[in-house]
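Biologist: I should like to learn how the features of a structure are read, one at a time. May we look at it together before we begin?

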Amino acid sequence: MRLKSFELAPQDIASVDVDALHALSLGVEWPHRPSDWDALRSLGHGIVALDAIGRVFGSAMWFPHGEDCATIGMVITTPRVQAHGGGRWMMDRLLEECGDRRLILNSTRAAYRLYVSLGFELQATVYQCQGYATPWAASVPGLAEDVEAIAPAGIGEVEALDAAAFGAARPRLMAHLAETAEIRGLRRDGRLVGYGMRRAFGRGCVIGPVVAESEEDAVKLVAALLVGLDGQFVRLDTRQPSGVLRTFLEAAGLRLFDTTKTLTRGAPLPPVEPGRPGIYGLAAHALS
Ligand SMILES: CC(C)(COP(=O)(O)OP(=O)(O)OC[C@H]1O[C@@H](n2cnc3c(N)ncnc32)[C@H](O)[C@@H]1OP(=O)(O)O)[C@@H](O)C(=O)NCCC(=O)NCCS
């Protein structure tokens with residue numbers, strides 16, 4: 001493909017130097033560290049657009065979740081060649097690789113028209129909440145009282161609850177997070193009814209996924225995960241437009257920074273309703 005004066009060819013994203021990918025995401029002001037790219041590459045597949053001397057002009061990735069579902073992310077065209085067809089060219093290739101899986105992605109404003117033209121449909125707004133965690137969050141007496149730590153060996157139970165909320169099993173992601181994230185759980189009558197995770201990402205720490213049967217339970221899990229993070233940069237992405245979780249996040253120093261839109265192709269997003277497992281915090285933009 002020709003973009004302005006550059007002749008570009010697709011190549012497997014696994015084959016390029018992580019520093020080139022890091023430079024690409026920095027160029028569009030994304031916070032990913034090289035280790036975040038490596039984690040994503042270990043979880044999915046993708047392509048890069050390379051010129052004749054191996055410079056990276058674009059990227060696009062997909063992440064299988066079981067046999068019939070995938071998420072799409074890390075879709076970037078370097079600014080100097082944007083709006084010349086590169087994004088569409090990479091997405092066409094990616095969609096071919098995804099086959100007939102149902103697809104979920106979180107779209108920035110810049111990418112929205114592209115995805116809609118490829119058959120994706122709007123499902124929800126994602127609220128990216130972030131900031132320096134305030135000591136207030138951890139000092140509300142009793143808020144995180146019932147929350148327990150879950151060891152990596154307990155990931156099986158977490159995975160089952162996650163699948164009920166997400167609408168598909170995410171075994172690869174769960175196995176990865178079992179090794180890299182702190183996990184907290186909430187139990188009622190011996191049954192796991194909620195879980196939350198936190199891990200290093202970008203400028204600091206990300207809290208997600210958070211799965212619960214109510215906003216109140218989600219608040220307890222997030223409060224437990226904020227313990228020890230006072231003064232640190234923390235991010236949580238949620239589809240809750242308002243309510244007790246958003247109020248709590250705001251008070252804990254995690255203010256609305258930006259929004260994206262969740263789009264799907266092939267099936268709607270499972271609803272988040274009280275009384276059944278729902279996604280209150282995203283794993284990551286690329287992983288939903
Ligand atoms: C979104 C992005 C990948 C699009 O890449 P691109 O190479 O510019 O895309 P294309 O040239 O193939 O354009 C695809 C469509 O998007 C439209 N588009 C491109 N840039 C746009 C922008 N900044 N705002 C609105 N629409 C835009 C184009 O007009 C085109 O629509 P059309 O075919 O109906 O005319 C690129 O702008 C980018 O990397 N942005 C920063 C990172 C980002 O937001 N990534 C998306 C993550 S979900």
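Modeller: Let us start with Glu213, which is placed in the loop between β12 (204-212) and α7 (215-226). Helices (H or I, at least four residues) and strands (E, at least two) are DSSP runs numbered from the N terminus. This is a predicted model, in which local features need pLDDT of at least 70 and side-chain atom pairs count only at pLDDT 80 or more, while totals for chains, interfaces and linings use all residues. Residues are numbered from 1 along each chain as its sequence is written, and side-chain values use heavy atoms, leaving out hydrogens and water.

Biologist: Is Glu213 buried or exposed?

Modeller: Burial is judged by relative accessible area: under 20% is buried, over 50% exposed, and in between partly exposed (1.4 Å probe, protein chains only). Glu213 has a relative accessible area of 12%, so it counts as buried. Its side chain is joined to that of Arg191 by a polar contact of 3.4 Å. Such a contact is a pair of N or O atoms within 3.5 Å, one able to donate a hydrogen and the other to accept it; residues adjacent in sequence count only if both atoms are side-chain atoms.

Biologist: What does strand β12 offer, and where in space is Tyr280 in relation to Val210?

Modeller: Val210 lies in strand β12 and is buried, at a relative accessible area of 1%. Although Val210 and Tyr280 are 70 residues apart in sequence, their C-alpha atoms are 5.3 Å apart in space. Pro209 also belongs to strand β12. As a general idea, most peptide bonds are trans. Gly208 and Pro209, however, are joined by a cis peptide bond, with omega about 0°.

Biologist: Which residues other than glycine have a positive phi?

Modeller: The general expectation is a negative phi for most residues other than glycine. Glu29 has a positive phi, near 65°, and Asp189 has a positive one as well, near 50°. Glu29 stands in the loop between α1 (18-27) and α2 (34-43) and is exposed, with 73% relative accessible area. Asp189 occupies the loop between β10 (182-188) and β11 (191-201), where its relative accessibility of 82% counts as exposed.

Biologist: Where does Ala83 lie?

Modeller: Ala83 is in the loop between β6 (69-77) and α3 (86-98). Its relative accessibility is 84%, so Ala83 counts as exposed. Its C-alpha atom is 9.7 Å from that of Ala110, a residue 27 positions away along the chain.

Biologist: How many aromatic pairs does the structure hold?

Modeller: Rings of Phe, Tyr and Trp (its six-membered ring) pair if their centres lie within 6.5 Å; planes under 30 degrees apart are stacked, over 60 edge-to-face, and the rest tilted. The structure holds three such pairs. One of them, Phe6 with Phe57, is tilted, at 4.6 Å centre to centre and 45° between the planes. Because Phe6 lies in strand β2 (residues 6-7) and Phe57 in strand β5 (residues 56-65), the pair ties together parts 51 residues apart in sequence. Phe6 is buried at 16% relative accessible area, and Phe57 is buried at 2%.

Biologist: Which charged residues sit over a ring?

Modeller: The criterion is NZ of Lys or CZ of Arg within 6 Å of the ring centre and within 35 degrees of the ring normal. Arg170 places its charged end over the ring of Phe166, 4.0 Å from the centre. Arg203 lies over the face of Phe233, 3.9 Å from the ring centre.
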